[in-house]
Amino acid sequence: MPTRIILDTDPGADDALAILLMLASPEIQLEALTTVQGNVNLEKTTRNALALLEFLNASHIPVAKGCSTPLIKPPHGEQGEEVHGKTGLGQAILPEPRSKVVEPHAVDYLIERFLAEPGELTLFAIGPLTNVALAIRKEPKFAQAVKELVIMGGAVRSGGNITPLAEFNIHEDPHAAHVVFNSGIPITLIPLDVTYKCLLTAKDVERLNGIDSPIAKFVRDVTADYMEFYLKYEGFDGCALHDPLTVAAVIAPELLSIEKHYVNVDISGGVSTGKTYADFMKVSKKPANMKVALGVKGREFVDLFVERLESFCRSRL
Amino acid sequence: MPKHIIIDTDPGIDDSLAILLALASPELVIDGIISVHGNVSTEQTTKNALSILELAKASHVPVYKGCDLPLVKESLLSPETHGDSGLGYAQLPEPVTQPKAGHGSDYIIEQIMSRPGEITLVALGPLTNIAIALRKEPRIVKNVKEVFVMGGAIQHTGNTTALAEFNTFVDPHAAHIVFHSGMPMILTPLDVTYQCIFMKDDLDRLLKIDSPITKYISDSTRFYMEFHDEYQSIEGCVINDPMTMALTFMPEICDYQDLVVDVDISTGVGLGNTFADFYNYGKKPKNMKVAMGVRPRMFMELFLKRMENLCSKIR
């Protein structure tokens, strides 16, 4: 039985790669996307979600449109376009989608789907957690209905990538993260501590492009600017597979070292706003509220990623 | 033309008096009532809203249930102020009517979007429902007529912490969202409500009319007066919410200032404190009208007369 997943996402270059990896993985049945502002604005993330599914012949997967701003903070604006390109998908050019979003707001769509089958569906959240937080507050039964929530976000021991301390998704809506972390949903967190160990290099992209496939070409186009950004700002050869690494929680959990901790996020408004921290020494005496990936076999995951995409490209030739 | 209002409320003794004042006022039509956590749990505030409507023979007014927790903070209720049931010593029968299906925040969105420019929101409790509605449907900002909010303490001391008023302290993050939303807003802070005290003499005047409503007002406010006496050394009780309701149709009760008002969400000692930038150091546009001066007797006469009318009709 494949794991049935609803994905809350802000595509976004690495979001696109996560969607690709999910569709390329037989262990996963991707049942719906809900969109949120984040890497780029909501109009663009929603358009990208629809366009991407059409490009991958998967437009049977419904898309619900979500929140256009974080709960409390103003959105970061167009900063994300430097990382993800003007459209959010780097240099990739996908045709305007013909399919439309489903009628309900993403918050209501999430509530509807999870309450219809309590304990059956897994939620993946790879953008700011605004939609998920609102679903939790609007429907008190939502949290109990979610089988598991896998989040890309946070930097526990590692430095931040948007402030010296904070990771982008959490920093973009720290209040939403605070709601989600303290909701009682069983969470697996995939923080920067592990995602920065999974670097997709230009060589990997070229290997994939050994196959003459529009999908392989898409991966090259969607990562080109992304890689340049990493080289310019962070001195890496390659780009971090932040969002795709969440998929490992289902398809290759053996690659992750997981610890259980009480993790929270700073919403105090000081310099560490948006910082995720784990109570490693149990000083707060609070019970663990999530599983956190703190180690990863990075190269093995990147190889798995490329292999999965290779078979996917071949199957679609 | 009467004003169409939706009341977002956590009854609550003074909330219930505000609902009664609205029902007694021909200037207003209550389109719906939305419950929220606050004075007591949402389970209880919903029940109380239904009971009050039944008491006043107004159960045609639909009630929608809203949020039962603040957006971000932990829950804080106030049974010491309003009693365990939320209505002091009053014991109203279990309501026969049920809340309507659908979430309170969605009712706000539907009504405002289907009747642009016509709906006045009157928010008497923590602002959670309205904050959620704003995040789900940002276009309500341009389509709501106006929003009256009971909350905050601008130059007045707080009533829940040294600095913060109860409604804004319970959900400061929701208040932050609403204050900065761009909706046309009129705030009734403690600065004016604490100048309007409902006294034992006022109650005795109402009790000359034999009505289940006067009995209710007596039973509920007796508890409320004991609270004010014990905690705040005030003789009588402060009826914040009816004052906010009165301003929707009799604005001349108060004097207003256009101000830049913000709420502290930084989780320090000032959490939930509402503060005005009187000298506009922040150079931000004014975001609300704030009632800063009041004619207490004008309000109290209005309230008493309206209650007398309503009580005479419902025996």
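In chain A, 82% of the contacts with a separation of 6 or more join residues 24 or more positions apart, a contact being a pair of residues whose C-beta atoms, placed from the backbone, lie within 7 Å. The structure is a predicted model, in which local features need pLDDT of at least 70 and side-chain atom pairs count only at pLDDT 80 or more, while totals for chains, interfaces and linings use all residues. Residues are numbered from 1 along each chain as its sequence is written, and chains are lettered from A and ligands numbered from 1 in the order in which they are written. The model scores ipTM 0.83 and pTM 0.91. For chain B the mean pLDDT (the predictor's confidence in each residue, from 0 to 100) is 97, and 100% of the residues reach 70 or more.

Chain A holds 13 helices and 12 strands, these being DSSP runs numbered from the N terminus (H or I with at least four residues for helices, E with at least two for strands). Chain A is as compact as a globular protein of its length, because its radius of gyration of 18 Å is close to the 20 Å that the globule rule gives for 317 residues; the radius is taken over C-alpha atoms, and the rule is 2.2 Å times the number of residues to the power 0.38. The C-alpha trace of chain A spans about 55 × 45 × 40 Å along its principal axes. Of the 317 residues in chain A, 57% are buried, that is, they have 20 or more other C-beta atoms within 10 Å of their own.

Turning to chain B, an open sheet of 9 strands with mixed pairing follows the order S4-S3-S2-S1-S5-S6-S7-S13-S10; strands pair if DSSP finds at least two bridges between them. Strands S4 (100-103) and S10 (254-259) of chain B stand at the edges with a single partner strand each, so one side of each has no neighbour in the sheet. On average, neighbouring strands of this sheet are turned by 25 degrees against each other, direction ignored. Within chain B, S1 (residues 3-9) and S2 (residues 28-35) pair in the parallel sense over 7 bridges, and Ile6(B) stands opposite Gly32(B) in S2(B). Helix H1 (residues 13-23) of chain B lies across S1 and S2, running at about 165 degrees to S1(B).

The largest nonpolar core has 213 residues, and Leu20(B) is among those with the most contacts inside it; such a core is a set of buried Ala, Val, Leu, Ile, Met, Phe, Trp, Tyr and Cys residues joined through C-beta atoms within 7 Å. Beyond its neighbours within four places in sequence, Leu20(B) is in contact with Ile52(B), Ala56(B), Ile213(B), Met307(B) and Leu310(B).

Technical notes. Axes are lines fitted to C-alpha atoms, for helices over the stretch in contact, and angles run from 0 to 180 degrees between N-to-C directions. Two residues are in contact if their C-beta atoms, placed from the backbone, lie within 7 Å. A residue is buried if 20 or more other C-beta atoms lie within 10 Å of its own, exposed if 12 or fewer, and partly exposed in between; C-beta atoms are placed from the backbone.
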